[in-house]
Amino acid sequence: MTTTLYTSDHEWLAIDGDIATVGITDYAQQQLGDVVFVELPKVGRSLKKAEAAAVVESVKAASDVYAPVTGEVLEANEALAAEPALVNSDAQGAAWFFKIRMADKSELGSLMDEAAYKAHTA
Amino acid sequence: MPAPDDQKSLRQTPLHALHVSLGGKMVPFAGYDMPVQYPAGVLKEHLHTRAAAGLFDVSHMGQLALRPKSGKVADAARALERLVPQDIVAIAPGRQRYAQFTNADGGILDDLMVANFGDHLFLVVNAACKDADEAHLRAHLADDCVIDSLADRALIALQGPKAEAALAKLCAGAPSMTFMDAGPHEVAGIKCFVSRSGYTGEDGFEISVPAADAERLTRTLLENPDVLPIGLGARDSLRLEAGLCLYGHDIDTATTPVEAALEWSVQKSRRSGGVRAGGFPGAEKILAHFDNGASRRRVGLRAEGRAPVREGALLFADEAAGEPIGKVTSGGFGPSLNAPVAMGYVPTNLSALGTKLFAEVRGQRLPLAVAAMPFVKNTYKR
């Protein structure tokens with residue numbers, strides 16, 4: 001069963017066992033505007049929670065995407081390199097950024113569920 | 001988000017309410033609350049301007065009249081030549097020229113447009129510099145000129161291949177104007193100053209309109225389906241693709257016009273050996289740069305990859321070099337090129353087209369090359 005959690009930095013995590021698929025929320029892509037470039041973490045990289053893991057750039061500006069949890073990058077979504085605009089069209093689906101094997105699932109305790117995130121962005 | 005107090009102290013242009021009603025995303029810029037984009041977004045606004053016509057509110061910029069006390073515009077022109085390295089005397093009535101106010105060190109205090117309106121000069125200066133510019137003019141030209149701040153006027157830019165047709169419907173004289181023509185015209189029955197110029201690399205017009213009529217004129221222009229409102233975001237990406245300098249970024253008090261690759265804007269009459277050589281602030285240094293070259297130069301830069309290289313990125317001669325050789329002063333993504341574009345300063349010996357350099361972005365050295373500007377061919381009506 002997959003659970004989706006959210007960070008206050010506007011990332012989403014789809015949790016499946018020890019593996020989290022991470023992306024930015026639809027709210028975040030709306031705020032950023034047209035995405036023209038995405039830089040993804042290398043597969044195998046160890047990320048610490050809150051470390052800059054990826055970069056998403058609009059015409060106007062570059063924004064960091066932070067690792068929402070500690071762990072090892074298992075996969076990066078290469079489709080975003082070829083088609084950054086996917087982030088605008090399907091932020092919470094096809095435009096996932098990376099998959100991470102979580103080192104400490106207790107870190108999930110500080111994240112928000114969908115209702116709490118909706119309240120956060122209201 | 002700015003604190004409520006900051007929000008309150010921001011100035012508004014005469015089109016502020018219209019921007020809000022059009023869904024403009026308002027941000028602080030040069031002391032004004034300005035639209036950075038509309039619901040279409042920066043990318044579509046940029047591409048629409050290059051394909052059809054974009055309408056920009058640039059009312060935050062300063063508009064000034066220099067009226068000669070003698071009644072002869074040539075006297076105002078001669079007086080203004082004390083502050084700029086341009087030939088102002090040679091600007092014919094109904095014509096406009098790009099200029100810079102320089103300082104004693106040869107740096108640039110601001111860049112501006114100067115038009116000859118027959119009996120006076122009309123100046124358009126940058127928003128962030130306008131108070132200082134007006135004080136500068138009063139300090140140096142008050143004996144010869146009456147300096148009028150035209151704060152009761154808005155300024156609208158209409159830019160793109162369909163700008164001429166859109167304006168022709170409201171202004172019969174618009175189509176016969178050529179690039180850098182400027183003068184009084186009636187637009188939709190309103191007495192305006194119109195110039196055929198802009199800041200996008202596209203053919204287009206800038207329309208100075210009394211503040212009280214600005215919203216009516218803008219709404220009339222926007223009734224044309226070819227015309228969309230464009231925010232500051234696309235204004236910046238358009239001017240960057242056009243290779244045009246942004247004051248405070250690509251030029252400032254520490255860059256001379258020669259270092260900034262603006263030699264084309266300084267006429268021969270003001271250079272060494274010219275009929276009115278020198279006589280402007282910093283002439284010694286600027287003319288020495290003309291005569292002997294400057295040690296650094298503003299260049300265009302194209303990246304090999306897709307990652308935008310932005311303002312502040314350090315430039316290196318090779319991938320392993322320890323010391324930077326220069327810095328990016330403007331950079332981002334060029335929607336019409338579908339690729340990153342930048343400009344910055346490099347040593348003159350590394351400024352030749354095609355020179356390979358590296359920019360440091362997030363700890364990585366990204367390859368780029370010195371490239372010709374404009375990055376996108378301009379379409380001025382000469």
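The following exercises, each with a worked solution, concern a predicted model of two chains, A and B.

**Exercise 1.** Determine how the residues of helix α5 of chain B are arranged around its axis, and state which strands its buried residues pack against.

*Solution.*
Step 1. Establish the extent of the helix. Helix α5(B) covers residues 130–141, which makes 12 residues. The distance from its first C-alpha to its last is 16 Å, close to the 16 Å expected at 1.5 Å a residue.

Step 2. Identify the buried residues. A residue is counted as buried if 20 or more other C-beta atoms lie within 10 Å of its own. In α5(B), the buried residues are B:Lys130, B:Asp133 and B:Leu137.

Step 3. Look down the axis. The buried residues of α5(B) fall within an arc of 60°, so they line one face of the helix. A general rule is useful here: an α-helix has 3.6 residues a turn, so residues three or four places apart point the same way.

Step 4. Examine the face turned away from the buried side. That face of α5(B) carries the exposed residues B:Ala135, B:Arg138 and B:Ala139.

Step 5. Find the packing partners. The buried residues of α5(B) pack against five strands of chain B, namely β4, β5, β6, β7 and β8.

**Exercise 2.** Describe the closed barrel of chain B and the helix that lies across β16 and β17.

*Solution.*
Step 1. Trace the strand order. The barrel has six strands, in the order β14-β17-β16-β15-β18-β19, and their pairing is antiparallel. Neighbouring strands are turned by 45° against each other on average, direction ignored.

Step 2. Inspect one pair. Strands β18 (residues 356–361) and β19 (residues 364–371) of chain B are antiparallel and share six bridges. Within this pair, B:Ala359 has B:Leu366 of β19(B) as its bridge partner.

Step 3. Place the helix. Helix α8 of chain B (residues 232–241) lies across β16 and β17 of chain B, at about 115° to β16(B).

**Exercise 3.** Characterise the side of chain B that touches chain A.

*Solution.*
Step 1. Count the residues. Chain B gives 14 residues to the contact and chain A gives 10 residues.

Step 2. Name the elements. On the side of chain B, α3, α8 and β16 each give two or more residues.

Step 3. Classify the residues. The side of chain B consists of six nonpolar, five polar and three charged residues.

**Exercise 4.** Identify the strands of chain A that pair with β8(A).

*Solution.*
Step 1. Strand β5 (residues 46–47) of chain A pairs with β8(A) in the antiparallel sense over two bridges. The partner of A:Leu47 in β8(A) is A:Gly71.

Step 2. Strand β9 (residues 98–102) of chain A runs antiparallel to β8(A), joined by five bridges. Here A:Glu75 is bridged to A:Lys99 of β9(A).

Methods
Residues are numbered from 1 along each chain as its sequence is written. Chains are lettered from A and ligands numbered from 1 in the order in which they are written. This is a predicted model: local features need pLDDT of at least 70, side-chain atom pairs count only at pLDDT 80 or more; totals for chains, interfaces and linings use all residues. Helices (H or I, at least four residues) and strands (E, at least two) are DSSP runs, numbered from the N terminus. The expected span of a helix is 1.5 Å times one less than its number of residues. A residue is buried if 20 or more other C-beta atoms lie within 10 Å of its own, exposed if 12 or fewer, and partly exposed in between; C-beta atoms are placed from the backbone. The arc is that of the directions from the helix axis to the C-beta atoms. Two residues are in contact if their C-beta atoms, placed from the backbone, lie within 7 Å. Two strands pair if DSSP finds at least two bridges between them. Axes are lines fitted to C-alpha atoms, for helices over the stretch in contact, and angles run from 0 to 180 degrees between N-to-C directions. Ala, Val, Leu, Ile, Met, Phe, Trp, Tyr, Cys and Pro count as nonpolar, Asp, Glu, Lys and Arg as charged, and the others, Gly among them, as polar.
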